[in-house]
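Welcome, and please get your viewer ready. We will go from one selection to the next, with a short note on what to look for at each stop.

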Amino acid sequence: MQVKTVIKNVILIISIILCASCGTYRQNVANIPMPEHKGQLKLGVHQSFTAPEAQGSFSLSNKVAVLANYSNFGERSYYYSATNFEKNKHYFGEVGVGLYRKADSLKKVREVFLLGGKGYTSHFDRSIYAAGNVKDYIRQVSYSRIGLQADLGNQRQKISFVFSPRIFVVHYYDITDNNRSDYKDIANTFLYVEPVITLNWRVARFLSVSTQFCTTMTLTRDTHHYNYYYEYAPFNISIGLIFNMNCFK
């Protein structure tokens, strides 16, 4: 009985990872700067279901901060046999500017950011049949994203908890598909909402461990056509390290 339970749990975990690592649009790790004063620089590295990611943020004043994110999983290949395989690529970059409330005795996190970025996803599938026929399937798309992110939480001495509702307009363009053409008849701009939960644990004055859960939901759908192109990963989980450089006091 215990063996069956373990097998079921393993299958469930694998299924979750596979579902979270597919889709044209993939969530990036939300950058939660939480600056406490002017001149504070933070750098982060994260690993998620989507891809490795680098982040940075800097507080220009006691009210204004900027941030940047970049994720790229390179090229992932899956070989099903010597003649049948697929290759996938994905990357995403983003910048943002926003306002934050300078830390007080209550250590409340209150900040909002305007974000804008661009991403790219491609899929290549090759199948070679017994008769020697070769079939290549190529699908690739670029997308731009603009939206708002609010960060609400509490920043304690060791542990910080932040809830970040995000809303994005995502526009898909430069679509290439050698197998289908119905993408020309469906909408290519969508509105997504992403609630994000972030938990940080400060292990040293300059270092924190961060874990995050994010889910994506669409507010717009094309009810007249099945959407083969603008599928999205339903959620993302990440873990990472954040370095507080604390440039100036």
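## A tour by salt bridge

Begin by selecting E36, a buried residue with a relative accessible area of 19%. The burial call follows because buried means under 20% relative accessible area. Bear in mind as you look around that this is a predicted model.

Now add R202 to your selection. R202 and E36 form a salt bridge, and their closest N and O atoms are 3.6 Å apart. This pair links distant parts of the chain: R202 sits in strand 8 (residues 189-204), while E36 is in the loop between helix 1 (2-20) and strand 1 (41-48), with the two positions 166 residues apart in sequence numbering. Unlike its buried partner, R202 counts as partly exposed, at 25% relative accessibility.

How many salt bridges does the structure hold? There are six, and we will visit some more of them.

**Next stop: K87 and E75.** Select both residues to find a salt bridge whose closest N and O atoms are 3.9 Å apart. Here K87 belongs to strand 4 (residues 85-100) and E75 to strand 3, and the two are 12 residues apart. Each end is partly exposed: K87 has 26% relative accessibility, and E75 has 43%.

**Then: R126 and D136.** Select this pair and zoom in on the side chains, where the closest N and O atoms of the salt bridge are 2.7 Å apart. R126 lies in strand 5 (residues 108-128) and D136 in strand 6 (residues 134-155), so the salt bridge ties together parts that are 10 residues apart in sequence. R126 is partly exposed, with a relative accessible area of 28%, and D136 is also partly exposed, at 26%.

**Back to E75 and K87, with one addition.** Add K89 to those two residues: salt bridges that share partners join E75, K87 and K89 into one network.

**Last stop: Y78.** Select Y78 in strand 3 (residues 64-79). Is this residue buried or exposed? The value lies in between: Y78 is partly exposed, with a relative accessible area of 38%. Now show what surrounds Y78. Leaving aside neighbours within four places in sequence, Y78 is in contact with N84, F85, E86 and N88. To finish, draw a distance from the C-alpha of Y78 to the C-alpha of D125: the two residues are 47 residues apart in sequence and 9.4 Å apart in space.

Terms used
Residues are numbered from 1 along each chain as its sequence is written. This is a predicted model: local features need pLDDT of at least 70, side-chain atom pairs count only at pLDDT 80 or more; totals for chains, interfaces and linings use all residues. Side-chain values use heavy atoms; hydrogens and water are left out. Helices (H or I, at least four residues) and strands (E, at least two) are DSSP runs, numbered from the N terminus. Buried means under 20% relative accessible area, exposed over 50%, partly exposed in between (1.4 Å probe, protein chains only). Contact means heavy atoms within 4.5 Å. A salt bridge is a side-chain nitrogen of Lys or Arg within 4 Å of a carboxyl oxygen of Asp or Glu.
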